[in-house]
Amino acid sequence: MRAPDRGPGALTVEAHALVVGYGGAAVLGPVDLQLGPGVTALLGRNGAGKTTLMRTLCGVIPAVSGRCTVFGAPVRDGAVVRSRVGYLGHELALASELTVEQNLTFWRAVRDSVAQATLIEHDALVEQFDLNTILNQRVRTLSRGQRQRVDLARLAMTDPDFVVLDEPLTGLDPVYAARMRELLREWGTTRTVLYSTHSVPEALELAQRYLVVQGTDLIVLGEDGAEVNEQMILNHLGAAA
């Protein structure tokens with residue numbers, strides 16, 4: 001793993017008066033947000049705007065309004081996002097009719113065309129995500145968990161500094177879910193990780209900081225090491241005490 005290239009107090013993401021949505025229709029915001037190294041969990045009810053926020057921070061979709069920078073550069077510029085951000089969404093970025101090997105080769109060619117991108121060796125990715133036995137299988141024949149592992153390898157290929165994961169443990173069996181939790185912890189020691197989950201206990205286990213979508217607002221919990229418990233998060237989510 002690379003050594004951290006930014007100090008512990010440095011900010012990866014800064015957003016001011018950010019409003020996110022689709023087609024000009026606001027879903028969440030305006031919010032002010034700062035993210036630095038470590039693991040931050042994003043929690044909210046179904047349809048609250050978690051995925052929309054994550055896609056906006058990655059530059060996948062434009063903001064409705066407001067300002068957002070990643071490593072000091074406007075996210076809309078794209079270059080920083082392409083070279084230093086890894087995003088795992090609900091819809092896997094894999095071609096179903098291609099084999100695992102072909103998918104990895106395709107994404108390596110795409111990533112290799114991006115200036116300043118770091119590429120992890122193919123064999124290292126295959127070993128890390130235990131893909132050797134499925135390299136020649138078409139993606140459409142894989143289980144949900146196997147496809148998730150391939151897409152994680154695609155994300156990890158560029159050794160990203162800002163890792164954005166939308167429910168990354170979905171579909172993984174207990175063994176690989178445990179490995180994924182360990183990987184999240186490892187990534188969080190040197191880079192910024194933002195991941196969404198519906199499991200409050202899981203978030204409390206893995207994250208140091210919590211973003212809770214409450215209506216159109218974003219509540220920040222765990223700042224400066226403040227204690228956070230399950231009931232606090234559930235209260236902000238609108239659960240009955």
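Two strands count as paired if DSSP finds at least two bridges between them. I'm starting with that, everyone, because a cut-off of at least two bridges decides the first case I want to show you. This is a predicted model, so please keep that in mind as we go.

Here is the case. β4 and β5 pair in the antiparallel sense over two bridges, and Val70 stands opposite Ala73 in β5. Since at least two bridges are needed, the two found between β4 and β5 are enough for the pair to count.

Now let's put that pair into its sheet. Four strands, in the order β2-β1-β4-β5, make an open sheet with antiparallel pairing. Its edge strands are β2 and β5, where β5 covers residues 73–74, and each of them pairs on one side only.

Walk along the sheet with me. β1 and β2, the latter being residues 25–35, pair in the antiparallel sense over seven bridges. Tyr22 stands opposite Ala25 in β2, and Glu14 stands opposite Gln34. The two strands form a hairpin with two residues between them, and Gly23 in that turn has a positive phi of about 60°. On to β4, residues 65–70: β1 pairs with this strand in the antiparallel sense over five bridges, and Val13 stands opposite Val70. So Val70 turns up twice, facing Val13 of β1 and Ala73 of β5.

Just before β1 there's a residue worth a pause, Thr12. Is Thr12 buried or exposed? Thr12 is buried, with a relative accessible area of 4%. Leaving aside neighbours within four places in sequence, its contacts include Thr69, Val70 and Phe71, along with Leu35, Phe162 and Thr192.

Next, strand β3, residues 38–43. All six of its six residues are buried, so β3 is largely enclosed by the rest of the structure. As a reminder, in a regular strand the side chains alternate between the two faces of the sheet. In β3 both faces are covered: Gly38, Thr40 and Leu42 are buried on one side, and Val39, Ala41 and Leu43 on the other.

Which strands pair with β3? One is β8, residues 192–196, in the parallel sense over five bridges. There, Ala41 has Tyr195 as its bridge partner. The other is β9, residues 209–214, also parallel, over four bridges, and here Thr40 stands opposite Arg209.

Let's move to a helix. α6 runs over residues 174–190, which is 17 residues, and it reaches 26 Å from its first C-alpha to its last, close to the 24 Å expected at 1.5 Å a residue. Its buried residues are Tyr176, Ala177, Met180, Leu183, Leu184, Trp187 and Gly188. They cover an arc of only 135° around the axis, which puts them on the same side of α6. If you look at the spacing in the list, the background is this: an α-helix has 3.6 residues a turn, so residues three or four places apart point the same way.

What do the buried residues of α6 pack against? Their partners are β3, α4, α5, β7, β8 and α7, so we meet β3 again here, as well as its parallel partner β8. The face of α6 turned away from the buried side carries the exposed residues Pro174 and Thr189. And at the start of the helix, a side-chain oxygen of Asp173 comes to within 3.0 Å of the backbone nitrogen of Val175.

One of those packing partners, α5, holds a polar residue you might like: Gln148. Gln148 is buried, with a relative accessible area of 1%. What does its side chain find there? A polar atom of the Gln148 side chain lies 2.8 Å from the backbone oxygen of Pro168. Not counting residues up to four places away in sequence, Gln148 also touches Leu88, Leu92, Glu167, Leu169, Thr170 and Leu172, among others.

Last item: aromatics. How many aromatic pairs does a search of the whole structure find? One. The pair is Phe106 and Trp107, edge-to-face, at 5.4 Å centre to centre with 75° between the planes. Phe106 counts as partly exposed at 45% relative accessibility, whereas Trp107 is buried at 18%. The cut-off for buried is under 20%, so Trp107, at 18%, falls inside it.

That's my tour. Thanks, everyone!

How values were computed. Residues numbered from 1 in each chain as written. Predicted model: local features only at pLDDT ≥ 70, side-chain atom pairs only at ≥ 80, totals over all residues. Heavy atoms only, no water. Buried < 20%, exposed > 50% of the residue type's maximum accessible area, 1.4 Å probe, protein only. Expected span 1.5 Å × (residues − 1). Arc of directions from axis to C-beta. Contact = heavy atoms within 4.5 Å. Polar contact = N/O pair within 3.5 Å; in protein donor to acceptor, adjacent residues only side chain to side chain. Phe/Tyr/Trp six-rings, centres within 6.5 Å; stacked < 30°, edge-to-face > 60°.
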